[in-house]
Amino acid sequence: MFSVGKLISHRIAGPLYAFQRFLEQVLDGKGLTKSGAALKLRTNDDFKHLEELAETIRQKLVKINSEKT
């Protein structure tokens with residue numbers, strides 16, 4: 001039972017932690033190039049839609065950043 005609980009918690013907590021780390025990096029200005037690092041989750045992780053949301057956020061920030069210069 002413990003192993004199943006641990007597996008489930010990692011599949012939930014891992015993507016949320018990765019998304020948080022991605023947002024912190026983007027807000028610090030890292031990865032704001034057209035070829036910047038994208039959020040990639042593990043195959044079996046939950047919240048796979050966060051990859052698409054992260055990419056949308058990154059693209060919009062890249063666009064805003066390029067309009068400033």
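Buried means under 20% relative accessible area, exposed means over 50%, and partly exposed lies in between (1.4 Å probe, protein chains only). Keep that scale at hand for the exercises below.

The model is predicted, so local features need pLDDT of at least 70 and side-chain atom pairs count only at pLDDT 80 or more, while totals for chains, interfaces and linings use all residues. Residues are numbered from 1 along each chain as its sequence is written, and side-chain values use heavy atoms, with hydrogens and water left out.

**Exercise 1. Place Gly31 and Gly36, and state how accessible each one is.**

Step 1: Find Gly31 in the loop between α1 and α2. Helices here are DSSP runs of H or I with at least four residues, strands are runs of E with at least two, and both are numbered from the N terminus.

Step 2: Gly31 has a relative accessible area of 28%, so it is partly exposed.

Step 3: Gly36 also lies in the loop between α1 and α2. Its relative accessibility is 17%, so Gly36 counts as buried.

Step 4: Now look for partners, leaving aside neighbours within four places in sequence; contact means heavy atoms within 4.5 Å. On that basis Gly31 touches Gly36, Ala37 and Arg58, and Gly36 touches Gly31 and Arg58.

Step 5: Add two C-alpha distances. Gly31 and Arg42 are eleven residues apart along the chain and 20 Å apart in space. Gly36 and Asn65 are 29 residues apart in sequence, with 13 Å between their C-alpha atoms.

**Exercise 2. Describe how helix α1 and helix α2 are arranged.**

Step 1: Locate the helices: α1 covers residues 2-27 and α2 covers residues 49-68.

Step 2: Their axes come within 11 Å and cross at roughly 5 degrees. The axes are lines fitted to C-alpha atoms, for helices over the stretch in contact, and angles run from 0 to 180 degrees between N-to-C directions.

Step 3: The crossing angle therefore makes α1 roughly parallel to α2. Angles under 35 degrees count as roughly parallel, over 145 as roughly antiparallel, 65 to 115 as roughly perpendicular and the rest as oblique.

Step 4: On the α1 side of the contact, find Pro15, Leu16, Phe19, Phe22, Leu23 and Val26; they meet Leu50, Leu53, Ala54, Ile57, Arg58 and Leu61 in α2.

Step 5: Sort these contact residues by type, and you get eleven nonpolar, no polar and one charged. In this sorting Ala, Val, Leu, Ile, Met, Phe, Trp, Tyr, Cys and Pro are nonpolar, Asp, Glu, Lys and Arg are charged, and the others, Gly among them, are polar.

**Exercise 3. Which residues form the largest nonpolar core?**

Step 1: Start from the rule: a nonpolar core is a set of buried Ala, Val, Leu, Ile, Met, Phe, Trp, Tyr and Cys residues joined through side-chain atoms within 4.5 Å.

Step 2: The largest core has ten residues: Ala18, Phe19, Phe22, Val26, Leu32, Leu39, Leu41, Leu50, Ala54 and Val62. Both α1 and α2 supply at least two residues of this core, and α1 gives the most, with four.

Step 3: Zoom in on Ala18, which is found in helix α1 and is buried at a relative accessible area of 12%. Beyond neighbours within four places in sequence, Ala18 is in contact with Leu39 and Leu41. The C-alpha atoms of Ala18 and Leu39 are separated by 7.4 Å, although the two residues are 21 apart along the chain.

Step 4: With the same neighbours set aside, Phe19 is in contact with Leu39, Leu50, Leu53, Ala54 and Ile57.

**Exercise 4. What is notable about the phi of Phe47?**

Step 1: Phe47 is in the loop between α1 and α2, and at 32% relative accessibility it counts as partly exposed.

Step 2: Its phi is positive, about 65 degrees, although Phe47 is not a glycine. Most residues other than glycine have a negative phi.
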